[in-house]
Structures are given as structure tokens and as C-alpha cells.
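Please read the following explanation with the sequence and the structure at hand. It moves from one helix to the wider interior and then to the covalent links.

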Amino acid sequence: MSKRRLSALLAAIVVGTAAPVLLPAAGASAASCSSYPNWVAGKSYVTGNIVRYTDGKAYIAEHDNPGYDPVISTWYWEPYACDGGSTNPSGFVVSEAQFNQMFPNRNSFYSYNGLKAALSSYPGFANSGSDTVKKQEAAAFLANVNHETGGLVYVVEQNTANYPHYCDWSQPYGCPAGQSAYYGRGPIQLSWNFNYKAAGDALGIDLLNNPNLVQTDSSVAWKTGLWYWNTQSGPGTMTPHNAMVNSAGFGQTIRSINGSLECDGRNPAQVQSRVDAYQRFVQILGTSAGANLYC
């Protein structure tokens, strides 16, 4: 069993019985603008509602509101893709409304702004290849994160009895934050002193001495998830990022994250959980899932 993925397995075992039931995905984007209902001033809207404004453009509700003007109240509304337009003026292929739709019961620690702030650390993430590939990679990352954290609910590993096990004293730098300080944290459940050291070195953050940053700073937590996604192959043969941009398929991202415990028939239920989330998320983003979903 890979030490690097042990905490993720433990987290998955814990959340397997406690994970919230996610809501079904809404319809895909990129329909005709004229297909959406006209916006009505003073009418109540909930997050995810899509309307056609008086200028003919579509807007999606980022937050519940009592019929605020989409052009004036931009905190409540965001332009929405229709008639072939761009989906998100922020530059990230997942809008805040779509993120909230994916994770309706998420812990507030896992904020959309924290994720966006982390993107600059790996500018190629969800920003390589065609629009379809960009959306597929974003959906793949978030689907795996969904599985590891029970729908972005858990920030730290739930089994505290395992906390002292993640210090490898054979490393020359030891465990300066304490033997029990390197338990699983964040969207990919970063664990072990050597992984905190490697991630911190790559990100320019002293995580070896300050591992708690991964559970107190949302952008740092997201950065550690993106570090693994973009640079580590784990038990696989490629990074999850390369798996998606080179069309190897979603199944290879599972293999790179927890393949030694789930792939090749070892735990088909866990694999299916990841695939189900991925299929929901690509639907929300209005794209296809592609081939090779399983490992």
C-alpha cells in the first residue's frame, strides 16, 4: 500500500458513509439565448436560475435574489453562455454558480475564490487544449476532489488515531511540526511529512514547518490539490493533468490518485463514485465526458 495515498483511503472510508447526497445536475449550457425565460424585475430567483435580459443576453443567478437587475447587481448575476458565447468572463471554465451547483453542501472553507486564487500556481490547469478539454479537466479534478472530501465537506482526515503515523523519521528534515502534524488535509488530503515538504517547496510555502496552513488558508489548500494534480503520478504512469490534456481519459486520473487501492477491480464501487461525479460535473459544464472513464 502506498504511504502517499493511505490517508486518502482512510478519508474515503470515513466519508463513504457520511457523504451528502448531491443534487442532480441541471441541464447543459450553450443553448439558444431565446430559450430562457425573460428576466422579471421583482421576481424571486434562486442560485442557478438562467434568464434572458432585455438586451437579449442570458444571465445565471450566482446567489438567491428578489429580482435584482442582472446588469446592475453583478454580485447576484453572471453572464451565461448562449448562442455560442463565452461561459465565464473570469477566465476559469467553472463559474461560481456552477461550482455551487456541484457542491451544494460544501464546507465554506472550500471557497470558489480560494480555488480561483490558487489557479495562478498552475496556469496550464483547465487552460490547455480545446474548450472541451479545459472543461473536462476541471470536471475531472473536481470529481476526484468530491470523492476525497465527501463533497468538499471534510477539510482534515477524520480518523485522528492515524495522525501519528504520517511522520517518516528517515527523512533528513524530520518532522519539525511534530510527529502528529502531517495528517491528511485539503482537497486531495495531503499527508506525510515528505509530501508537505515537496508541495511546499514547489509552491514556495513552508508547509513542512507550517502544515496547518493547509486547513486554515483556503487558497493554500487548493494549491496543494493542484500541486498533486499537475505534478504527481502516484501509483499511475502520468499526472492527472496529462491524462486529461493528452486524452488518456478520466480513468487514468483515478489510477494516478488511488489506483493501487481502487483500479483493476480492487474497489469498483469507489471508482464508480468518482465516475458518477465526473459525469454530473461535465453535464453542468455543458460538455461530454470523453472515453476511457474507468481504470
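Helix α9 is mostly covered, with 12 of its 13 residues buried. The model in which this is seen is a predicted one. The buried residues of α9 are F250, G251, Q252, T253, I254, R255, S256, I257, N258, G259, L261 and E262.

The path of this helix also deserves attention. Helix α9 covers residues 250-262, yet the C-alpha atoms at its ends are only 14 Å apart. A straight helix rising 1.5 Å a residue would reach 18 Å. The helix has a kink of about 75°, and the kink is centred on S256, itself one of the buried residues. Just after α9, D264 adopts a positive phi of about 55°.

From this helix the view can widen to the interior. In soluble globular proteins, nonpolar side chains tend to be buried together. Here the largest nonpolar core has 66 residues, and the members that touch the most others are F92, L142, W222 and Y278. Two or more residues of this core come from each of α2 (96-102), α3 (112-118), α4 (131-149), α5 (193-203), α7 (218-231), α9 and α10 (268-284). The surroundings of L142 serve as an example: leaving aside residues up to four places away in sequence, L142 touches V94, F99, M102, F103, L115, W222 and F281. Apart from the largest core lies another core, of seven residues, including Y45, V51, A61 and W77.

Two individual residues, one in α7 and one in α10, add detail to this picture. N230 lies in helix α7. Its relative accessibility is 14%, and N230 therefore counts as buried, the cut-off being under 20%. The side chain of N230 reaches the backbone oxygen of L226 at 2.8 Å. Beyond residues up to four places away in sequence, N230 touches Y122, F125, E137, T239 and H241. I284, in turn, is found in helix α10. I284 counts as buried because its relative accessibility is 4%. The C-alpha atoms of I284 and A139 are separated by 9.0 Å, although these residues are 145 places apart along the chain.

What remains is the matter of covalent links between cysteines. How many disulfides does a search of the whole structure find? The search finds two. One joins C167 to C175, with an S to S distance of 1.9 Å. This link is right-handed, with 110° about the S-S bond. Both of its cysteines are buried: C167 has a relative accessible area of 10%, and C175 has one of 6%.

The other disulfide is formed by C263 and C295, whose sulfur atoms are 2.0 Å apart. The pair links distant parts of the chain, 32 residues apart, with C263 in the loop between α9 and α10 and C295 in the segment after α10. Why is this disulfide described as left-handed? The torsion about the S-S bond of C263 and C295 is about -90°, so the disulfide is left-handed. C263 counts as buried because its relative accessibility is 0%.

The account thus returns to its starting point. The loop that holds C263 lies between α9 and α10, and α9 is the helix with the kink centred on S256. Both α9 and α10 are among the elements that give two or more residues to the largest core.

Definitions and conventions:
Residues are numbered from 1 along each chain as its sequence is written. This is a predicted model: local features need pLDDT of at least 70, side-chain atom pairs count only at pLDDT 80 or more; totals for chains, interfaces and linings use all residues. Side-chain values use heavy atoms; hydrogens and water are left out. Helices (H or I, at least four residues) and strands (E, at least two) are DSSP runs, numbered from the N terminus. The expected span of a helix is 1.5 Å times one less than its number of residues. The bend at a residue is the angle between axes fitted to the seven residues ending there and the seven starting there. Buried means under 20% relative accessible area, exposed over 50%, partly exposed in between (1.4 Å probe, protein chains only). A nonpolar core is a set of buried Ala, Val, Leu, Ile, Met, Phe, Trp, Tyr and Cys residues joined through side-chain atoms within 4.5 Å. Contact means heavy atoms within 4.5 Å. A polar contact is a pair of N or O atoms within 3.5 Å; within protein, one must be able to donate a hydrogen and the other to accept it, and residues adjacent in sequence count only if both atoms are side-chain atoms. A disulfide is a pair of cysteine sulfur atoms within 2.5 Å.
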